[in-house]
Amino acid sequence: MTRRIVGMALGLLGLAGCAGERPNNLGVREGMLAPCPSSPNCVSSQTESEVHRIAPLAVSGEPSAAFAHLKEVLSARSDATVVDDLTDYLRVELRTLLFVDDGEFWLDRANAVIHVRSASRLGYSDLGKNRSRLEEIRGQFLLAHEGK
């Protein structure tokens with residue numbers, strides 16, 4: 001029995017390492033979010049790759065108000081922790097049971113959109129989790145943005 005408990009504890013400690021290290025290449029550089037790696041566990045609104053492409057969030061009305069609504073949406077989510085909150089840029093950690101993904105949102109005022117990117121820190125495939133989560137956030141953003 002003791003061996004079993006020790007084994008389970010070690011297994012849980014090993015899984016805790018699934019969070020991975022925070023990447024240091026994120027942010028906006030020359031109007032672009034970081035490119036996605038070749039693995040299918042990343043989506044971005046600023047890529048030409050069909051595997052990784054996702055639409056940006058459309059902004060209607062005042063851009064700062066739209067970005068404030070997005071911040072409210074993300075703050076209300078139990079799986080999101082804001083890491084960087086700048087004037088036109090948000091970086092969040094998005095958690096699943098065992099893994100952490102990095103989400104980025106950049107308000108592109110000139111084109112009236114919020115560019116998005118979400119990537120897994122570890123592994124190869126995310127089984128579509130980054131895409132489905134961003135689409136869920138899109139739906140919540142639209143409700144919040146249109147409702148105000």
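A salt bridge here is a side-chain nitrogen of Lys or Arg within 4 Å of a carboxyl oxygen of Asp or Glu. Keep that in mind, and remember that the model is predicted.

## Exercise 1: Get your bearings

Work out how many helices and strands the protein chain has, and in what order they run.

**Solution.**
- Step 1: Count the elements. The protein chain has three helices and six strands.
- Step 2: Walk along the protein chain from the N terminus. The order you meet is α-β-β-α-β-β-β-β-α.
- Step 3: Look at how much is tucked away. Of the 148 residues, 42% count as buried.
- Step 4: Turn to the surface. About 8400 Å² is exposed, and carbon and sulfur atoms supply 58% of that area.
- Step 5: Check the contacts. Take those between residues at least 6 apart in sequence: 56% of them join residues at least 24 apart.

## Exercise 2: Follow a salt bridge

Find the residue that forms a salt bridge with Glu-136, and say which parts of the chain the pair ties together.

**Solution.**
- Step 1: Start with the total, which is 12 salt bridges in the structure.
- Step 2: Find the partner. Glu-136 pairs with Arg-77, and their closest N and O atoms are 2.8 Å apart. That fits the cut-off, because a salt bridge needs the nitrogen within 4 Å of the oxygen.
- Step 3: Place both ends. Glu-136 sits in helix H3 and Arg-77 in the loop between helix H2 (63–76) and strand S3 (80–85), so the pair ties together parts that are 59 residues apart in sequence.
- Step 4: Ask how covered each end is. Glu-136 is partly exposed, at 44% relative accessible area, while Arg-77 is buried, at 10%.

## Exercise 3: Build the network

Which residues are linked with Arg-77 and Glu-136 in a network of salt bridges?

**Solution.**
- Step 1: Look at Arg-133. This residue forms a salt bridge with Asp-101, with the closest N and O atoms 3.0 Å apart.
- Step 2: Locate that pair. Arg-133 is in helix H3 and Asp-101 in strand S5, 32 residues apart, so distant parts of the chain are linked.
- Step 3: Check the burial. Arg-133 and Asp-101 are both buried.
- Step 4: Put the network together. Arg-77, Asp-79, Asp-101, Arg-133 and Glu-136 are linked by salt bridges.

## Exercise 4: Buried or exposed?

Decide whether Arg-121 and Glu-93 count as buried or exposed.

**Solution.**
- Step 1: See how they meet. The side chains of Arg-121 and Glu-93 form a salt bridge at 2.7 Å, N to O.
- Step 2: Place them. Arg-121 is in the loop between S6 and H3, and Glu-93 is in strand S4 (residues 89–95), 28 residues away in the chain.
- Step 3: Recall the cut-off, which is under 20% relative accessible area for buried.
- Step 4: Apply it. Arg-121, at 17%, counts as buried, and so does Glu-93, at 4%.

## Exercise 5: Two backbone oddities

Find where Ala-112 and Leu-127 lie, and what their phi values are.

**Solution.**
- Step 1: Take Ala-112. Its phi is near 55°, a positive value in a residue other than glycine.
- Step 2: Place Ala-112 in the loop between strand S5 (100–108) and strand S6 (113–120). With a relative accessible area of 33%, Ala-112 is partly exposed.
- Step 3: Take Leu-127. Its phi is positive too, about 55°, and Leu-127 is not a glycine either.
- Step 4: Place Leu-127 in the loop between S6 and helix H3 (129–146). At 83% relative accessible area, Leu-127 is exposed.

## Exercise 6: Look into the largest pocket

How many residues line the largest pocket, and which lie nearest its centre?

**Solution.**
- Step 1: Get the volume. The largest pocket holds about 160 Å³ of space.
- Step 2: Count the lining, which comes to 14 residues. Nearest the centre are Phe-99, Asp-101, Ser-120, Ser-125 and Asp-126.
- Step 3: Sort the lining by type. Six residues are nonpolar, four polar and four charged.
- Step 4: Connect this with Exercise 3. Asp-101, one of the residues nearest the pocket centre, also belongs to the salt-bridge network.

Methods
Residues numbered from 1 in each chain as written. Predicted model: local features only at pLDDT ≥ 70, side-chain atom pairs only at ≥ 80, totals over all residues. Heavy atoms only, no water. 1 Å grid on protein atoms, 1.4 Å probe; cavity = no way out; pocket = protein on both sides within 12 Å on 5 of 7 lines; lining within 4 Å. Points joined across faces, edges and corners; volume = space filled by probe spheres on them. Nonpolar A, V, L, I, M, F, W, Y, C, P; charged D, E, K, R; others polar. Helix = DSSP H or I, 4+ residues; strand = E, 2+ residues; numbered from the N terminus. Buried < 20%, exposed > 50% of the residue type's maximum accessible area, 1.4 Å probe, protein only. Contact = heavy atoms within 4.5 Å. Areas by Shrake-Rupley, 256 points an atom, 1.4 Å probe, with all protein chains shown as cover.
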